[in-house]
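Reader: I have a chain open here and want to go through it with you. Can we start with a loop and work outwards?

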Amino acid sequence: MYTPPMFKTERAASLAFAEARGFGTMCAFDGGKPVASQLPFYLSYADDGTPRAVFHTARGNPLIQLADGKTSWLLAVNGPDAYVSADWYISPDQVPTWLYQAVHLTGPVRRLSDEELTVQIDTLSAKFENWLAPKKPWTSAKMTAGRLEAMKKAIVGLVMTVVDVEGSFKLNQHKSEADYAAVAGALAALPDTSSQQIAGLMHQARPEAFADAESSLERSAP
């Protein structure tokens, strides 16, 4: 990942982002071309603190044949993104750009044992069922034993031992407060959720950039 210093994210923040997102593109190389699939995952940690991305995929997925436990794969995890028009800046002579959040995890991938796959299925479903609270969580215990075993035979569990963690949160951090606030305001006014999310992240990252504008609004209020 190309990461200019002003956008580079610390390892802990990158891992937290990846865990919170829980969905990414897993990429490997078969010797002739890239092979990729979009997959949900969760992070676990070895006793020595090494992070692991744990996931599963359909048994027919060509990725499975590449899981030799030695060759590095890439897990690309993306957040919201948004186009920025040069017209939105206060300063002249600006250019259009794109703002985004992205984290890349790399490391070797091996297959899970049957016992590990059982844990993976329950842990993964619990992660995302928790997003639906107060709904009562679905668990594999709701399935008949025969049906559960049949479904398990249709998938293969995999785990990446994460060696490298790279994160880039490009939110216009290098711009002046006036330009920063102007772009965030323009994004917040757009109808799409992704642009609004980027605007919210910009507010969180540099709240001081909006202090003057908010004070002006308060002074002008009747």
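Author: Fine. This is a predicted model. S85 sits in the loop between β5 and β6.

Reader: Is S85 buried or exposed?

Author: S85 is buried: its relative accessible area is 15%, and the cut-off for buried is under 20%.

Reader: What does the S85 side chain reach?

Author: The side chain of S85 reaches the backbone nitrogen of D87, at 3.1 Å.

Reader: And how far apart are S85 and G157 in space?

Author: From C-alpha to C-alpha, S85 and G157 are 43 Å apart, with their positions 72 residues apart in sequence.

Reader: Where is D93, and what is its phi?

Author: D93 lies in the loop between β5 and β6. Its phi is near 60°, a positive value, and D93 is not a glycine.

Reader: Why flag a positive phi?

Author: Because most residues other than glycine have a negative phi.

Reader: Buried or exposed, that D93?

Author: D93 is exposed, with a relative accessible area of 78%.

Reader: Which phi does N172 have?

Author: N172 has a positive phi of about 65°, and it is not a glycine either. N172 is in the loop between β8 and α4. N172 is buried, with a relative accessible area of 1%, whereas D93 is exposed.

Reader: Peptide bonds next. Which one is cis?

Author: The bond from A133 to P134 is cis, with omega near 15°. P134 belongs to the loop between α2 (114-129) and α3 (145-153). Most peptide bonds are trans.

Reader: On to the inside. How many residues are in the largest nonpolar core?

Author: The largest nonpolar core has 27 residues. The members that touch the most other members are M26, F41, F55, W73, L75, L105 and M160. Two or more residues each come from α1 (11-21), β1 (23-29), β2 (34-40), β4 (51-58), β5 (72-84), β6 (97-111), β7 (155-161) and β8 (164-170).

Reader: Which residues does M26 touch?

Author: Leaving out residues up to four places away in sequence, M26 touches V35, A36, S37, L39, F55, L63, W73, L74, L75 and M160. Among these, F55, W73, L75 and M160 are also listed with M26 as core members that touch the most others.

Reader: S37 is in that list. Which strand holds S37, and what does its side chain do?

Author: S37 is in strand β2. The side chain of S37 makes a polar contact with the side chain of N61, at 2.9 Å. S37 is buried, with a relative accessible area of 13%.

Reader: What else is S37 in contact with?

Author: Besides N61, and not counting neighbours within four places in sequence, S37 is in contact with G24, T25, M26 and L63.

Reader: Back to cores. How many residues are in the second one?

Author: The second core is separate and has 16 residues, including V84, Y89, A181 and I198.

Reader: A181 brings up the helices. How do α4 and α5 cross?

Author: The axes of α4 (residues 177-188) and α5 (residues 193-205) come within 7 Å and cross at roughly 145°. The crossing is left-handed.

Reader: Which residues meet there?

Author: From α4, Y180, V183, A184, L187 and A188 meet S195, Q196, I198, A199, L201, M202 and A205 in α5. I198 in α5 is also one of the residues of the second core.

Reader: Where is A186, and is it buried or exposed?

Author: A186 is in helix α4. A186 is buried, with a relative accessible area of 18%.

Reader: How far is A186 from V84?

Author: Their C-alpha atoms are separated by 8.6 Å, although A186 and V84 are 102 residues apart along the chain.

Reader: One more pair. How far is Q65 from R111 in space?

Author: Q65 and R111 are 9.7 Å apart, C-alpha to C-alpha, and 46 residues apart in sequence. Q65 is in the loop between β4 and β5. Q65 is exposed, with a relative accessible area of 62%.

Reader: Last topic, confidence. What does pLDDT average over the chain?

Author: The protein chain averages a pLDDT of 93, and 95% of the residues score at least 70.

Reader: Where does pLDDT stay under 50?

Author: Over residues 216-221. For that stretch the model has 0 contacts beyond four places in sequence.

Notes
Residues numbered from 1 in each chain as written. Predicted model: local features only at pLDDT ≥ 70, side-chain atom pairs only at ≥ 80, totals over all residues. Heavy atoms only, no water. pLDDT = per-residue confidence, 0-100. Contact = heavy atoms within 4.5 Å. Core = buried A, V, L, I, M, F, W, Y, C linked by side-chain atoms within 4.5 Å. Buried < 20%, exposed > 50% of the residue type's maximum accessible area, 1.4 Å probe, protein only. Helix = DSSP H or I, 4+ residues; strand = E, 2+ residues; numbered from the N terminus. Polar contact = N/O pair within 3.5 Å; in protein donor to acceptor, adjacent residues only side chain to side chain. Axes fitted to C-alpha atoms, helices over the stretch in contact; angles between N-to-C directions. Left-handed = near helix turned anticlockwise from the far one by under 90°.
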